[in-house]
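Welcome, and please open the model in your viewer. We will go from one selection to the next, with a short look at what each one shows.

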Amino acid sequence: MTSDSTLHLLATLLGDRLSVSKSERDNHGRSESHFPLTPPDAVAFPVSTEEVAEILRICTASNTPVVPWGAGTSLEGHALAIKGGICLDLSRMDRVIEVNAEDMDARVQPGVTREALNEELRSTGLFFPVDPGANASIGGMAATRASGTTAVRYGTMRDNVIGLEVVLADGRIIRTGTRARKSSAGYDLTGLFVGSEGTLGVITELTLRLQGQPQSISSAVCAFESLEGAVEAVIETIQTGIPMARIEFVDAATALAVNAYSGADFPAKPHLLIEFHGSESATAEQAELFGEIAKDHGATGFDWATKTEDRNRLWSMRHKAYWAILASRPGSRAIVTDVCVPVSQLARAVSETQADIEASGLPAPILGHVGDGNFHAILLMDENSPEEREIAKGLAHRMAERALALGGTVTGEHGIGMGKLGYMRAEHGEAWDLMGEIKAALDPQGILNPGKVVP
């Protein structure tokens, strides 16, 4: 338990922006996935970098754990206070500090959500391209090295964060990177903190790379007779070099769940959802080339969406697929897992996973950002059934082992948190020990998000 003296010091600093109420603690003890309620001892709501630094000085002095919190949309228990302590809710640090339109970059606080940022950028002709689906906070997206539907063209958070302000465990405030487009000056500290899941420092400001809004956007959805046909179409499209902005896969079970939840009318078949960005002529040419490849692999029923409202409706249905799948089995909880493999191994990974799921008897739709080899399974289980929980955990375990055997990773975008901690040794070997040494150097008392990522 966090000591009374620590809570007193934090309350003196923050006033009513430190909460110990049960409702607030419970709100910050929930996960969007299958993890049990794990409330922190208190929730702090800083509004400045200086306050974050002072909070960390107080917590370091009393050896109190600190768990950063963005929007709470993570899926591997990243933001749960499993060792108690303070939940550091950064949602009130939500300003867009500056937009440098000529240089196509922006400085933002970590609590800005991706949707709020793009609303702010609309008048500039620019946008921030990383789209994980959820309206996550930019700080949380950086901390988990998030990606999503557009990563196949624009990259992940690793590619789109060019500088950070970070508060270390002892309260020091450092800056990493510059607004220059490249640098060979020293270690890449920006890259070190992007993906560190709050275990090395607290991100309090981000400098982001922006993109120009495309002249033309064209989206489509098409059905396939087989899962293998859809995946092979993706592989050939990537190998041909067609610059897709998005290329998403949903299996037949996901299509049916989306129909029931969003009022769509997709056939009960595997589907690809695709999008092209560019000039009018370029998107038309790309769409034609993709159409030829897809038809060669059994695609039918192309439904093109060129109007903004039609495209938004299509991608909204995709982003709500998780909730649609949960609704397809009322009362269930989900183990939501993702893996990523080399694109050449994608068909094998997906087909073997689907066969494994079918043999288990558990409902577990597959979907994902297959343009970069990343796919997800949503393993639905009755949380009151120990047998179903074990079946779901077994499926997730075999997915991870399969990905590693095929030269991939146990997570393409969800991150490690505590849910995939057990696979780090298999994926990284002695490099995992080195991660622990880096953690010990920056956070010797281990107060920053303990029990996550590192040994």
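Start with a contact between two helices, keeping in mind that this is a predicted model. Select Leu227, Glu228, Val231, Glu232, Val234 and Ile235 in α9, then add Leu346, Ala347, Val350, Ser351 and Gln354 in α14: these two groups meet each other. Colour the contact of α9 with α14 by class and you should find seven nonpolar, two polar and two charged residues.

Now switch to a cartoon view of the pair. Two packed helices are described by the angle between their axes and the distance between the axes. For α9 and α14, the angle is about 160° and the axes lie 9 Å apart. That makes α9 roughly antiparallel to α14, since an angle over 145 degrees counts as roughly antiparallel. The crossing of these two helices is right-handed.

**Along helix α9**

Next, select residues 227-240, which form α9. How far apart are the end C-alpha atoms of this helix? They are 20 Å apart, and this agrees with the 20 Å that 14 residues should span at 1.5 Å a residue.

Keep α9 selected and highlight its buried residues: Leu227, Gly229, Ala230, Val231, Ala233, Val234, Ile235 and Thr237. What do the buried residues of α9 pack against? Show the strands β12 (216-224), β13 (246-250) and β14 (271-278), together with the helices α11 (280-296) and α14 (346-360), and you have their partners. Before leaving the helix, click on Gly241, which follows α9 and has a positive phi, near 90°.

**Over to α11**

Bring α11 into view beside α9. The axes of these two helices come within 9 Å and cross at roughly 145°, and the crossing is right-handed. To see the contact, select Ala233, Glu236, Thr237 and Thr240 of α9 with Phe290, Ile293 and Ala294 of α11. By class, the residues of the contact of α9 with α11 are four nonpolar, two polar and one charged.

While you are in α11, pick Gly291, which has its place in this helix. Is Gly291 buried or exposed? It is buried, because its relative accessible area is 11% and buried means under 20%. For a distance to try in the viewer, draw a line from the C-alpha atom of Gly291 to that of Glu54: the two are 237 residues apart along the chain and separated by 57 Å.

**Two positive phi values**

Go to the loop between β5 (96-100) and β6 (105-108), where you will find Met104. Met104 is not a glycine, yet its phi is positive, about 55°. With 31% relative accessibility, Met104 counts as partly exposed.

Then move to the segment after α17 (430-442) and select Val453. Val453 also has a positive phi without being a glycine, here about 70°. At 9% relative accessibility, Val453 counts as buried.

**Last stop: Gly331**

Finish in the loop between α13 (321-327) and β16 (333-340), which holds Gly331. Turn on the surface: Gly331 is exposed, with a relative accessible area of 65%. Now add Glu383 to the selection. How many residues apart in sequence are Gly331 and Glu383? The answer is 52, while their C-alpha atoms are 8.4 Å apart in space.

Definitions and conventions. Residues are numbered from 1 along each chain as its sequence is written. This is a predicted model: local features need pLDDT of at least 70, side-chain atom pairs count only at pLDDT 80 or more; totals for chains, interfaces and linings use all residues. Side-chain values use heavy atoms; hydrogens and water are left out. Helices (H or I, at least four residues) and strands (E, at least two) are DSSP runs, numbered from the N terminus. The expected span of a helix is 1.5 Å times one less than its number of residues. Buried means under 20% relative accessible area, exposed over 50%, partly exposed in between (1.4 Å probe, protein chains only). Contact means heavy atoms within 4.5 Å. Axes are lines fitted to C-alpha atoms, for helices over the stretch in contact, and angles run from 0 to 180 degrees between N-to-C directions. Angles under 35 degrees count as roughly parallel, over 145 as roughly antiparallel, 65 to 115 as roughly perpendicular and the rest as oblique. A crossing is left-handed if the near helix is turned anticlockwise from the far one by less than a right angle, and right-handed if clockwise. Ala, Val, Leu, Ile, Met, Phe, Trp, Tyr, Cys and Pro count as nonpolar, Asp, Glu, Lys and Arg as charged, and the others, Gly among them, as polar.
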